[in-house]
Amino acid sequence: MMKKKSVSARKASLVLFLCQMISALDVPLDLSQPPTITQQSPKDYIVDPRENIVIQCEAKGKPPPSFSWTRNGTHFDIDKDAQVTMKPNSGTLVINIMNGGKAEAYEGVYQCTARNERGAAVSNNIVIRPSRSPLWTKEKLEPNHVREGDSLVLHCRPPVGLPPPIIFWMDNAFQRLPQSERVSQGLNGDLYFSNVQPEDTREDYICYARFNHTQTIQQKQPISVKVFSMDSLNDTIAANLSDTDIFGAKPVTERQPVLLTPTGSTSTKVELRGNVLLLECIAAGLPTPVIRWIKEGGELPANRTFFENFKKTLKIIDVSEADSGNYKCIARNRLGSAHHVISVTVKAAPYWITAPRNLVLSPGEDGTLICRANGNPKPDISWLANGVPIAIAPEDPSRKVDGDTIIFSHVQERSSAVYQCNASNEYGYLLANAFVNVLAEPPRILTPANKLYQVIADSPALLDCAYFGSPKPEIEWFKGVKGSILRGNEYVFHDNGTLEIPVAQKDSTGTYTCVARNELGKIQNEVHLEVKDPTMIIKQPEYKVIQRYGQASFECVIKHDSTLLPTIIWLKDNAELPDDERFLVGKDNLTIMNVTDKDDGTYTCIVNTTLDSVSASAVLTVVARPNPPFDLELTGQLERSVELSWIPGDENNSPITNFVIEYEDGLHEPGVWHYQTEVPGTQTTVQLKLSPYVNYSFRVIAVNEIGRSQPSEPSEQYLTKSANPDENPSNVQGIGSEPDNLVITWESLKGFQSNGPGLQYKVSWRQKDVDDEWTSVIVANVSKYIVSGTPTFVPYEIKVQALNDLGYAPEPSEVIGHSGEDLPMVAPGNVQVHVINSTLAKVHWDTVPLKTVRGHLQGYKVYYWKVQSLSRRSRRHVEKKILTFRGNKTFGMLPGLEPYSSYKLNVRVVNGKGEGPASPDKLFKTPEGVPSSPSFLRITNPTLDSLTLEWGSPTHPNGVLTSYILKFQPINNTHELGPLVEIRIPANESSLILKNLNYSTRYKFYFNAQTSVGSGSQITEEAITIMDEVQPLYPRIRNVTTAAAETYANISWEYEGPDHANFYVEYGVAGTMASRQVDIATQGWFIGLMCAVALLILILLIVCFIRRNKGGKYPVKEKEDAHADPEIQPMKEDDGTFGEYSDAEDHKPLKKGSRTPSDRTVKKEDSDDSLVDYGEGVNGQFNEDGSFIGQYSGKKEKEPAEGNESSEAPSPVNAMNSFV
């Protein structure tokens, strides 16, 4: 729901244009001109007698006019009255009343004359009357004793004031008396009662008269009214009033309408044209009559007719002669009608058809003054010259009077004068001044030069050229400096010189020249026009439906001319936004936080520039859960039903879809509300079915799309009468808890189902299929009864009947129950096992006789367990498994068995009591199966052409292992697999050395075990043969950090080197050095081993040094090129190009990730380097006693070898790298 409005400068420009047309006739004030009255007091001027009287008279002219006054037709000499002064340069009189003057002394008819050498202008006759607010005359008001149903008129009769007072009725507490179709105030101020009622009795009916001019209120004496009802009259007035008195003791009787005002059947009314016509009819009657208005022979004017005072007053505004006619009011009740015809005649004070207008003529020109007026009766037209009747005014040969027209011919400068036209009839007069000013003036343009006009595209452009000259100049328009004269339909040329471009476009922008010429000269003026783009709202606010306390947002995105500065204003319901911090106004949006019901309304975005204005509106609807219903009422109370009605609460802008009715049983469950029924949202009454002996209260909940309302207030309580129970307990069952009893249970009736006090139950039973009589017992309001001494598990017929103090419920239906169960007596026989495969077996058994089950047969349970594995010959803890087979089945499947194992099982029957005895254990064996995968596969000791494989036997051999199958194949740099080689290995082997392999080659291995049944799942692994035989890599430790506390210290470091390294830490007190280390470091064998390693490293370093280029670089690339296989050449870490080594680099650490021999040996020169550069850094820590609390975690998975990348196999010299 959205509205959009656009208001440009068009309307404002047109208004300005009309004003210019009027002002264009004005003579510039620097030129001689007769006087013109510019301001005067109203004709009928009522003044406040307590304040100074100001009688206005302002005029203009050249030379400035002088002023004089007449009072009651004679000259008023203000110099002789000290209380009267005239304002300087003005004709306005000030009569000083506040300093001793009396307003009454200055009552009269005043007229002002403004005069200069070119003529005299006069004002209207101004009638001065002081306002009056006289007091009410003293009078004794008798109390009004009225019989109920009679009519009554309380007269106000206010004092005559000037102007007439405003009448209203109030009580002693200054509260307005309520009015209605029965009681209302007439136009004359009287208070009319069509019929009185007992509640009209009171002693303070007070009429007030308010005099606005003096701001006073006069009060009439209070009027007392006492209304006697017929019952009280029969008892109290029979002895005091005669039979002929109006207060007869007759009962209240209905009466047909009688008009209280106006009286009679017809009346007349005269009203003046343009005034408001008020016609009134007030009728008495019982019941109160209804008033209707018609116009005989015509229709009431559609847009000017209004009904007031409960249709007792007909109001027609701005009446005209066409509204004359007969108007009939009809008062009607069910006993009849009354009517009155008012003949209306509309008269008219004089009104202008053509008022005379000022004439500016040049010497020798002709002209006319026209004065035409109308009225009813037709007004008389008379002329005055300079305030003197024209018949006795000085002769002017250029002037000729022809009724309502004065004709001027060949005027001369002496012809200048002010002429007055007077049109009058019995209802008033009109007086107009119009001058004739004879001037000879060259053209002049009054519009400022180079004036800039700005308009919006597609709207009118009005370019002013206000001018004056005598004779009247001719006006021409040009566009541009050297443009041609403007003509054509796209332009409109107005008499006042204005150029109108009805639909301005962007190409209308430019400079326009106005040229004014007459016989005395020529003048021109330039103005400029700019046409702007219109302001538009390109994203308008949209209709919103928001839940209460939600957030609403309206957008208002605009597009405007870049040279215009827009302002955006938001309105709510055409008024300013509330002063509330919840309203957030952004650049192009309005956001309302936590909306409430009062935020409902229309929101308007108004965009204003200096030239145009656009707006767009959208409606915000705030929805919420409905308000609770109210005024719940119970009617039509019967024993088993009642009618509930209610009034819906506010639906909060979301229609109510349904009403939910709930009830409370105050007798049985006080405070607990139950669902009763629900009805559509358009329904506000419902017939409810009731149960006996319930103390009902009802409440209603309204539901709409938003949710449920709060419950209504509870209705009045309604206690229904007691009755026999209508129904019996439900869910009756008979199940024994012991082998020799029968437990009968049921669901008790709810409180309202008891239908009366003393609720009990009659419990009956008998053994089925046995010719026994019913055994019955009556129990209290419980839900269980136990029958003892019954046979084990036999069927019984059972019934439970409700009863209360008033009698029994209908005969209940019978149900079958059983006495208690006992454990089964026998075990299933003929148990057989059929082994299907190594993991699945099928077991069979024979059913047991039903009599031996001694209860409801629930099924059979199979207990089975593994005795031992046939392959390992080892016993373990026996874990029995149970499978239950429901119903009377004779077989079942045993899944999940382990292959090549020995099992036992037995079978038992199950009833509701438990399990019977087990059948004898049955032994069976499962055949061999395929083994699981080997428990592990390790590849160690890589050399140039061999690898050592170690493995563990399968965790689950599932039979007798016959062999292992090893398959392997090489993998090249692109991860392509080579030919597959298969080797069968005896089952008793646990390792194998593969020889004759290619050096520096990655292999993939597939390994699995076999039994006589087949091969098991395989395990895979990869390994690489080494490229060269070198010494192992020394480990490296760096970045050692310490953090000391009061009693301990944490030491951290980074480690690079072989896996499985051991560490020690050495520390001491400042100034001394003590060491703690592992004791093995002091052993002789360890010292000898370290010496041997050092010697070996020294020999290797010497050999390498000899082979290097003496004193210069030794290009590794040249050496590597000599080999046929390029794969063994080292590559740079970053781009794979061949590296070079020089003497300057001999002592640099190897780059991280550079090629390293698979055995992790390192040259002697590099022994001083940081360990971090040779492996993955590891942080370690020690606790306060020096023990190692960190853990080195090496690489677990082996990455596939690509190119010449080295293997990550564990170093065989880890022990050497440890300082332990």
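How many salt bridges does the count come to by the rule that a side-chain nitrogen of Lys or Arg lies within 4 Å of a carboxyl oxygen of Asp or Glu? The count comes to 37 salt bridges, and some of them appear in the views below. This is a predicted model, in which local features need pLDDT of at least 70 and side-chain atom pairs count only at pLDDT 80 or more, while totals for chains, interfaces and linings use all residues. Residues are numbered from 1 along each chain as its sequence is written, and side-chain values use heavy atoms, with hydrogens and water left out.

**View 1. Lys506 and Asp533 form a salt bridge, with their closest N and O atoms 3.5 Å apart.** The pair links distant parts of the chain, 27 residues apart: Lys506 is in the loop between β45 (499-501) and β46 (510-518), and Asp533 is in the loop between β47 (521-532) and β48 (536-539). Strands (E, at least two residues) and helices (H or I, at least four) are DSSP runs numbered from the N terminus. Lys506 is partly exposed, with a relative accessible area of 43%, and Asp533 is partly exposed at 36%; here buried means under 20% relative accessible area, exposed over 50%, and partly exposed in between (1.4 Å probe, protein chains only).

**View 2. Glu530 and Lys532 form a salt bridge, the closest N and O atoms being 3.0 Å apart.** Glu530 is partly exposed, with a relative accessible area of 27%, whereas Lys532 counts as buried at 9% relative accessibility.

**View 3. Arg582 and Asp580 meet through their side chains in a salt bridge (3.0 Å, N to O).** Arg582 counts as buried because its relative accessibility is 13%, while Asp580, at 22%, counts as partly exposed. Elsewhere, Asp171, Arg202 and Asp204 are joined into one network by salt bridges that share partners.

**View 4. A nonpolar patch on the surface is formed by Leu1095, Leu1098, Ile1099, Ile1102, Val1103, Phe1105 and Ile1106.** Together these residues have about 710 Å² of accessible area, calculated by the Shrake-Rupley method with a 1.4 Å probe, where for residues only the protein chains shown count as cover. Patches are made of residues with over 30% relative accessible area and no salt bridge, like charges being joined within 9 Å and nonpolar side chains (Val, Leu, Ile, Met, Phe, Trp, Tyr) within 5 Å. Phe1105 lies in helix α4 (residues 1084-1107) and counts as exposed, at 64% relative accessibility.
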